[in-house]
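This report describes the surroundings of the bound ligand and the enclosed spaces in the protein.

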Amino acid sequence: MIEDTKTYAYADDLLRGRIILVTGASDGIGKALALECARLGAQVILHGRSVPKLEAVYDQITAMDGAARPSIAVLDLAAANAESYMTLAQSIEDEFGRLDGLVQNASILGERYSLEQYDAVLFQRVMHVNVTATFALTQVFMPLLHKSDDASVIFTSSGVGRTGKAFWGAYAVSKFATEGLSQVLADETKHTDIRVNCINPGATRTAMRLAAYPAEDRDLLKTPEDILPTYIYLLGAESKGVTGQSIDAQ
Ligand code: NAP
């Protein structure tokens with residue numbers, strides 16, 4: 001593994017020909033990452049729940065010189081069932097035959113309450129979207145990842161997924177679980193061509209961050225574009241063999 005992924009410098013064709021699915025590609029970090037992957041030559045599959053927002057990202061990619069036409073995968077992770085996961089995986093298999101990159105980025109924040117006051121239904125919803133749906137998506141995509149000779153899975157954690165902090169509720173618990181998901185899968189795939197790692201983006205200027213810290217000066221935060229080098233490193237061939245890591249993007 002390179003010493004500093006934050007300053008990773010890469011060529012403009014680093015991801016040429018790679019098929020990469022980004023969950024939560026309609027906004028924030030996932031959107032910035034999907035656009036950068038497309039700029040670097042990847043065939044990008046844009047996952048999200050909002051068709052108009054995904055279409056806007058689609059349009060930005062098709063307007064890029066030489067970018068491969070992206071695909072849109074609409075699936076609301078709060079409502080998806082076993083059949084909808086299977087249907088999505090099947091349609092990607094039919095269209096592309098394999099996956100070289102899977103970035104599990106979509107998440108919800110829930111509410112900033114103490115555990116004593118946390119609504120149990122909301123707790124379940126946050127755990128469902130951030131953990132159970134992430135697991136279910138990963139599971140249905142495993143056969144497609146095995147068809148790549150150089151596949152990279154990235155999970156998305158958080159600082160509060162490493163050290164529990166007051167009032168982060170289900171979100172923090174879900175990010176501890178995400179670190180666990182990443183470690184278990186990395187160990188299970190250590191003798192395969194699939195690498196599995198977890199990124200903690202750090203404080204980044206997105207709608208989620210604004211919801212968590214409404215009074216903060218947004219101009220002091222890194223933008224989604226600023227934190228991409230670690231993601232790009234893990235998606236490119238140079239990180240082959242790097243697995244089971246939990247990496248800070250800042
Ligand atoms: P964001 O701007 O709120 O974007 C979240 C993405 O997830 C959006 O595309 C959203 O879709 C999608 N999503 C949410 N619920 C969904 C559902 N039920 N079904 C399908 N898609 C759904 O958040 P972000 O800040 O970019 O966060 C990206 C990742 O980084 C998350 O895993 C977050 O926990 C993590 N993170 C962020 C920060 C930070 O400071 N921003 C810090 C640490 C970790 P819509 O556009 O339809 O809402």
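In this predicted model, 31 residues surround the ligand, and those that come nearest are Ser-26, Lys-53, Asn-105, Tyr-171 and Thr-206. By class, this shell holds twelve nonpolar, 13 polar and six charged residues.

Polar contacts to ligand oxygen atoms involve both backbone and side-chain atoms of the protein. A polar backbone atom of Ile-29 is 2.8 Å from an oxygen atom of the ligand, and a polar backbone atom of Asp-27 is 3.5 Å from a ligand oxygen. From a side chain, a polar atom of Lys-175 lies 3.0 Å from an oxygen atom of the ligand. On its own the ligand has 900 Å² of accessible area, and the protein covers 93% of it.

Three elements give two or more residues each to the shell around the ligand: helix H1 (28-39), helix H5 (169-188) and helix H6 (207-212). Of the elements, H6 gives the most, with three residues.

**The pocket that holds the ligand**

Where does the ligand sit? The ligand is placed in the largest pocket, which contains about 1,000 Å³ of space. The lining of this pocket comprises 42 residues, and Asn-105, Ser-107, Ile-108, Thr-206 and Met-208 lie nearest its centre. Asn-105 and Thr-206 are also among the residues that come nearest to the ligand.

Elements that each supply at least two residues of the pocket lining are H1, strand S2 (43-48), H5 and H6. H6 provides the largest share of this lining, five residues. Sorted by class, the lining of the largest pocket divides into 18 nonpolar, 17 polar and seven charged residues.

**Cavities**

Apart from the pocket, the protein has cavities. How many cavities of 30 Å³ or more are there? The count comes to two. The table gives their volumes and the classes of their lining residues.

| Cavity | Volume | Lining by class |
|---|---|---|
| Largest cavity | about 40 Å³ | one nonpolar, six polar, one charged |
| Second largest cavity | about 30 Å³ | one nonpolar, five polar, one charged |

The largest cavity is bordered by Gln-104, Ala-106, Ser-107, Asn-130, Thr-134, Thr-156, Lys-175 and Thr-178. Helix H4 (120-146) and H5 are the elements that give two or more residues to this lining. Two of the names recur from the description of the ligand site: Lys-175 has a polar side-chain atom 3.0 Å from a ligand oxygen, and Ser-107 is one of the residues that lie nearest the centre of the largest pocket.

Which residues line the second largest cavity? They are Glu-179, Ser-182, Gln-183, Cys-198, Gly-244, Gln-245 and Ser-246. H5 contributes the largest share of this lining, three residues.

**Helix H5 across the sites**

H5 appears in each of the regions described above. This helix is among the elements with two or more residues in the shell around the ligand, and H5 also supplies at least two residues of the lining of the largest pocket. In the largest cavity, H5 is again listed with two or more lining residues, together with H4. In the second largest cavity, three lining residues come from H5.

Terms used
Residues numbered from 1 in each chain as written. Predicted model: local features only at pLDDT ≥ 70, side-chain atom pairs only at ≥ 80, totals over all residues. Heavy atoms only, no water. Near = heavy atom within 4 Å. Polar contact = N/O pair within 3.5 Å; in protein donor to acceptor, adjacent residues only side chain to side chain. Areas by Shrake-Rupley, 256 points an atom, 1.4 Å probe, with all protein chains shown as cover. 1 Å grid on protein atoms, 1.4 Å probe; cavity = no way out; pocket = protein on both sides within 12 Å on 5 of 7 lines; lining within 4 Å. Sits in = over half its atoms within 2 Å of the grid points. Helix = DSSP H or I, 4+ residues; strand = E, 2+ residues; numbered from the N terminus. Nonpolar A, V, L, I, M, F, W, Y, C, P; charged D, E, K, R; others polar. Points joined across faces, edges and corners; volume = space filled by probe spheres on them.
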